[in-house]
Amino acid sequence: MRPPTASSAAEPSNSPELVVYQIYPRSFQDSDGDGAGDLNGITARLDHIVGLGADAIWLSPIYPSPWADGGYDVADYEAVDPSFGTLGDADALIAAAHQSGLKVLFDIVPCHTSIEHPWFREHPDWYIWSDRDGPQNNWRSAFGGSAWSRDPVSGRWYLHSFYPEQADLNWRNPEVPRAFANVLRFWLDRGVDGFRIDALDRILKDPELRDDPPASGPPPLPELGLAEPLDFRHSRNAPDVGVALAQLRAAAGDALLVGEGYLVSDRLAPYLEYLDACFSFELLHAPWEADAVGAAIAAATRVGKAAWVLSNHDFARLPNRVGPENVRAAALLLLTLPGMAFVYQGDELGMADGPDEGHDRAGRDRHRHPMPWDRSPNAGFTTGEPWLEVVIPPEGPADAQAENEGSMLAWYRDLLGLRRDLQGDVEMLGAAPGVVAFRRGSHLIALNLGDAPEAPPPAHELVLSTPASNLVALAPGGAIVALG
Ligand code: NOJ
């Protein structure tokens with residue numbers, strides 16, 4: 001284990017350009033025929049990720065969970081859910097990943113626990129309670145409705161920023177950060193290289209639990225199911241969030257910490273003081289239009305330490321969001337920007353959303369359909385009954401795409417290979433309407449988000465391009481990387 005160091009408290013030492021492959025463990029590979037993915041399945045498929053050229057894997061939560069929120073309702077942070085395997089399987093996966101040159105990031109959920117976590121009964125003072133017989137204030141849950149629910153056991157009302165099954169922890173009680181320091185050390189001792197940290201903008205709230213004022217305009221990032229728009233001044237993004245982040249950083253030492261805060265870039269500076277990177281959600285939500293995409297890139301690069309992401313287990317997959325004709329250009333953008341880049345499992349195969357047949361009340365299971373590996377029954381994902389239907393993407397399952405130089409998988413491999421040659425900051429370039437163009441060192445990147453062919457900025461040697469685009473004309477949905 002890396003001992004925590006004093007200097008790391010304020011100066012994260014990682015400044016990574018890593019490509020991180022996000023695994024949603026329940027949908028990656030089943031090894032025991034129960035229809036749900038597991039750790040041994042991931043270990044057996046690491047070659048796919050190595051072959052892609054990724055540097056690291058991030059596993060969405062693998063902890064015991066009643067699965068009210070797809071594993072983000074954790075009932076024990078220091079164990080593995082039996083459906084995923086054992087602690088021994090986790091050790092074997094970490095060792096095999098390291099053997100293959102991959103770093104391993106786990107997912108840590110410090111904002112809330114499952115109400116079935118023993119802490120909820122054993123340490124009620126670790127949670128946030130109303131002192132009224134009803135909600136303490138007007139705060140809303142991310143999924144809509146009041147953020148307060150009545151605990152049928154005690155009769156008291158507790159805060160939940162997400163589903164009612166996820167009670168918010170009180171990070172102002174020093175025992176909570178201490179408990180999480182133990183959790184981080186537990187996994188660091190087992191060899192993980194870092195963490196993706198969930199919902200950090202909600203970790204600390206207004207100590208007086210004051211009402212959020214009404215919103216003065218539309219939310220800066222889209223909200224899931226929120227009926228009543230509020231200005232989340234008191235329920236999120238507390239001015240003293242650095243106190244909690246410093247505690248996490250001190251516990252993590254120099255391990256990699258990537259923050260998930262659902263905030264626009266210009267709010268991220270206090271987080272980045274302690275973290276190696278934060279997700280840039282503006283780009284993920286930007287309409288696929290040159291002005292909006294250009295503005296999202298400019299905003300995040302101004303702040304720095306971006307973790308670029310275009311899809312994950314919470315939001316529409318790329319073909320659904322940008323349109324199938326733009327997916328290759330979107331991947332090119334994701335993988336040519338400086339900073340960390342996160343590739344969600346299946347995007348490298350061109351997977352689209354599946355049918356909404358799942359359990360998630362917010363309808364997000366359609367973004368979580370299992371990986372299609374081959375043409376065997378259930379596409380090689382499971383020998384049992386898959387927990388969600390396996391849908392084969394238009395370009396075929398992984399094994400077929402691996403053999404085809406024109407496939408989406410080959411495109412991702414080419415991009416990951418090229419990425420190693422890219423250096424320098426982003427310099428945005430003027431371009432034709434509908435075109436986003438920027439320079440990184442001697443490389444020029446341009447993509448056409450419009451409906452008509454456009455000329456790219458001048459360049460002299462084509463390095464990589466989508467079909468039908470070149471140094472003279474960018475097809476709609478086309479993109480190039482050139483020297484120029
Ligand atoms: C963000 C996670 O990605 C999402 O799946 C989850 O519902 C919320 N945080 C709450 O943990």
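**Exercise 1. Find where the ligand sits, and name the residues around it.**

Step 1. Start with the location: the ligand sits in the largest cavity. Keep in mind that you are looking at a predicted model.

Step 2. Now look at the surroundings, counting a residue if one of its heavy atoms lies within 4 Å of the ligand. That gives D69, Y72, H112, F143, F162, Q166, R196, D198, E260, H313, D314 and R364.

Step 3. Sort this shell by class: 3 residues are nonpolar, 3 are polar and 6 are charged.

**Exercise 2. Which polar side-chain atoms of R196, H313 and R364 lie how far from an oxygen atom of the ligand?**

Step 1. Take R196: one of its polar side-chain atoms is 3.0 Å from a ligand oxygen atom.

Step 2. Move on to H313, where a polar side-chain atom is 2.8 Å from an oxygen atom of the ligand.

Step 3. Finish with R364, which places a polar side-chain atom 3.0 Å from a ligand oxygen.

Step 4. Now for the ligand's surface: taken alone, the ligand exposes 300 Å², and the protein buries 97% of that.

**Exercise 3. Describe the largest pocket and its lining.**

Step 1. Begin with the volume: the largest pocket holds about 520 Å³ of space.

Step 2. Next, look at the walls. The lining of the largest pocket has 28 residues, and D231, F232, R233, N237 and R267 are the ones nearest its centre.

Step 3. Sort the lining of the largest pocket by class, and you get 14 nonpolar, 4 polar and 10 charged residues.

Definitions and conventions:
Residues numbered from 1 in each chain as written. Predicted model: local features only at pLDDT ≥ 70, side-chain atom pairs only at ≥ 80, totals over all residues. Heavy atoms only, no water. Polar contact = N/O pair within 3.5 Å; in protein donor to acceptor, adjacent residues only side chain to side chain. Areas by Shrake-Rupley, 256 points an atom, 1.4 Å probe, with all protein chains shown as cover. 1 Å grid on protein atoms, 1.4 Å probe; cavity = no way out; pocket = protein on both sides within 12 Å on 5 of 7 lines; lining within 4 Å. Sits in = over half its atoms within 2 Å of the grid points. Nonpolar A, V, L, I, M, F, W, Y, C, P; charged D, E, K, R; others polar. Points joined across faces, edges and corners; volume = space filled by probe spheres on them.
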